[in-house]
Amino acid sequence: MGMNKNTVLAWATFIMIVMGLLLIGLGAFKYDDVAGWGFAATGIGFLANAWVFNALKGRV
């Protein structure tokens with residue numbers, strides 16, 4: 001299975017979306033104190049990076 005640059009970016013985008021949603025879920029449902037805000041903020045950062053990776057597909 002040959003993976004070119006677009007395939008690598010697609011997999012990275014998918015993994016970062018899953019991790020971002022997981023972190024937001026941890027922040028929303030597991031941690032009720034200040035740590036929850038950190039988990040949620042990190043999850044939003046993961047989603048922002050996934051958006052950038054998705055935008056880079058086909059350009060690099």
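Helices here are DSSP runs of H or I with at least four residues, numbered from the N terminus. With that in hand, welcome to this structure, a predicted model in which local features need pLDDT of at least 70 and side-chain atom pairs count only at pLDDT 80 or more, while totals for chains, interfaces and linings use all residues. Residues are numbered from 1 along each chain as its sequence is written, and side-chain values use heavy atoms, with hydrogens and water left out.

Let us start with T13, which sits in helix α1. Is T13 buried or exposed? T13 counts as buried, because its relative accessibility is 8%; buried means under 20% relative accessible area, exposed over 50%, and partly exposed in between, using a 1.4 Å probe and protein chains only. Setting aside neighbours within four places in sequence, T13 touches A50, F53 and N54, where contact means heavy atoms within 4.5 Å. A50 also appears beside I15, another residue of helix α1: the C-alpha atoms of I15 and A50 are 8.4 Å apart, although 35 residues separate them along the chain.

I15 belongs to a nonpolar surface patch together with M3, V8, W11, F14, V18, M19 and L22, and their joint accessible area is about 760 Å². Such a patch takes residues with over 30% relative accessible area and no salt bridge, joining nonpolar side chains (Val, Leu, Ile, Met, Phe, Trp, Tyr) within 5 Å. A salt bridge is a side-chain nitrogen of Lys or Arg within 4 Å of a carboxyl oxygen of Asp or Glu, and accessible areas come from the Shrake-Rupley method with a 1.4 Å probe. L22 lies in helix α1, which covers residues 5-30.

Here are some partly exposed residues.

| Residue | Relative accessible area |
|---|---|
| W11 | 47% |
| F14 | 49% |
| I15 | 49% |
| L22 | 47% |
| Y31 | 30% |
| F39 | 26% |

How many aromatic pairs does the whole structure hold? A search finds two, counting rings of Phe, Tyr and Trp (its six-membered ring) with centres within 6.5 Å; planes under 30 degrees apart are stacked, over 60 edge-to-face, and the rest tilted. W11 and F14 make an edge-to-face pair, 6.1 Å centre to centre with 85° between the planes. W11 and F14 are three residues apart in helix α1, so about one helical turn separates them. Y31 and F39 are stacked, because their ring centres are 4.9 Å apart and their planes are at 0°.

Y31 has a further partner: K30 lies over the face of its ring, 5.5 Å from the centre. A charge sits over a ring if NZ of Lys or CZ of Arg is within 6 Å of the ring centre and within 35 degrees of the ring normal.

Note on methods: Patch = residues over 30% accessible without salt bridge, like charges linked within 9 Å, V, L, I, M, F, W, Y side chains within 5 Å. Helix = DSSP H or I, 4+ residues; strand = E, 2+ residues; numbered from the N terminus.
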